[in-house]
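Please examine the sequence and the model shown below before reading the report.

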Amino acid sequence: IYLQEIPKMEGTYKEIEELQKDLNSSVEKLNESINPTIKTLTMRNFQCAASCYEKNFDAKMEFLESCTKDCGKGLAQFYDVYRSLMEEEQATLQNCMKRAGPEDPIEIKTCLLRSLERINGTMAQDIDRLGAKFCPKK
């Protein structure tokens with residue numbers, strides 16, 4: 001639902017606009033929060049691949065390609081889980097807003113608030129746990 005579809009009810013429209021800004025900001029923070037995990041997994045990926053290449057220097061090209069593929073699994077899995085969490089939240093929010101419809105700005109506000117709570121609460125925790133699973137602190 002786009003903002004312009006919502007009737008400009010006194011105050012509510014502005015609140016929805018603010019909530020959308022908060023939501024975007026929270027998603028940006030969540031995206032930034034995974035950077036250290038991405039960096040660590042990328043470094044591991046390179047170290048793993050370099051070690052694999054070194055051990056199998058005389059191997060055929062196909063084998064060396066499998067080094068790259070095998071070493072990149074952690075990073076790929078992390079991205080996949082993260083992406084599916086984000087897609088799931090987006091679908092939940094969109095379904096909620098569709099059910100509310102543009103005529104019900106109060107319900108739209110509720111949808112946005114719930115999404116904001118999930119992103120800042122359970123999703124942030126899930127992503128912390130995910131990072132810890134892929135990059136355990138030593």
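The report covers the overall fold, the nonpolar core, the largest pocket and four individual residues.

This is a predicted model, in which local features need pLDDT of at least 70 and side-chain atom pairs count only at pLDDT 80 or more, while totals for chains, interfaces and linings use all residues. Residues are numbered from 1 along each chain as its sequence is written, and side-chain values use heavy atoms, with hydrogens and water left out.

**Overall fold**

The chain contains five helices and zero strands, where helices (H or I, at least four residues) and strands (E, at least two) are DSSP runs numbered from the N terminus. Along the sequence, the pattern reads α-α-α-α-α. The radius of gyration, taken over C-alpha atoms, is 21 Å, well over the 14 Å that the globule rule gives for 138 residues, so the chain is more spread out than a compact globule. That rule is 2.2 Å times the number of residues to the power 0.38. Along the principal axes, the C-alpha atoms fill a box of roughly 70 × 30 × 15 Å.

Of the contacts in the chain with a separation of 6 or more, 72% join residues 24 or more positions apart; contact means heavy atoms within 4.5 Å. Buried residues make up 32% of the 138 residues, with buried meaning under 20% relative accessible area, exposed over 50% and partly exposed in between (1.4 Å probe, protein chains only).

**Nonpolar core**

A nonpolar core is a set of buried Ala, Val, Leu, Ile, Met, Phe, Trp, Tyr and Cys residues joined through side-chain atoms within 4.5 Å. The largest one has 26 residues, of which Leu30, Phe78 and Leu112 touch the most other members. Helices α1, α2 (35-55), α4 and α5 each supply at least two residues of this core. Leaving out residues up to four places away in sequence, Leu112 touches Ile16, Leu19, Gln20, Leu23, Leu93 and Met97.

**Largest pocket**

The largest pocket has a volume of about 440 Å³. Of its 16 lining residues, Leu23, Asn24, Gln90, Leu93 and Gln94 are the closest to the centre. On a 1 Å grid over the protein atoms alone, a pocket is an open set of points where a 1.4 Å probe fits, with protein on both sides within 12 Å along at least five of seven lines, and lining residues have an atom within 4 Å of a point. Helices α1 (12-33), α4 (73-100) and α5 (105-134) each supply at least two residues of the lining, and α4 gives the most, with seven.

**Individual residues**

The table lists the location and relative accessible area of four residues.

| Residue | Location | Relative accessible area | Class |
|---|---|---|---|
| Asn45 | helix α2 | 15% | buried |
| Asp58 | loop between α2 and α3 (61-71) | 76% | exposed |
| Glu89 | helix α4 | 8% | buried |
| Ala132 | helix α5 | 44% | partly exposed |

With residues up to four places away in sequence not counted, Asn45 touches Thr68, Cys71, Gly72 and Leu75. On the same basis, Glu89 is in contact with Ser115, Arg118, Ile119 and Met123.

Two C-alpha separations complete the description. Asp58 and Ile127 are 69 residues apart in sequence and 40 Å apart in space. Ala132 and Cys96, 36 residues apart along the chain, are separated by 31 Å.

Terms used: Grid points are joined across faces, edges and corners, and a volume is the space filled by probe spheres set on the points.
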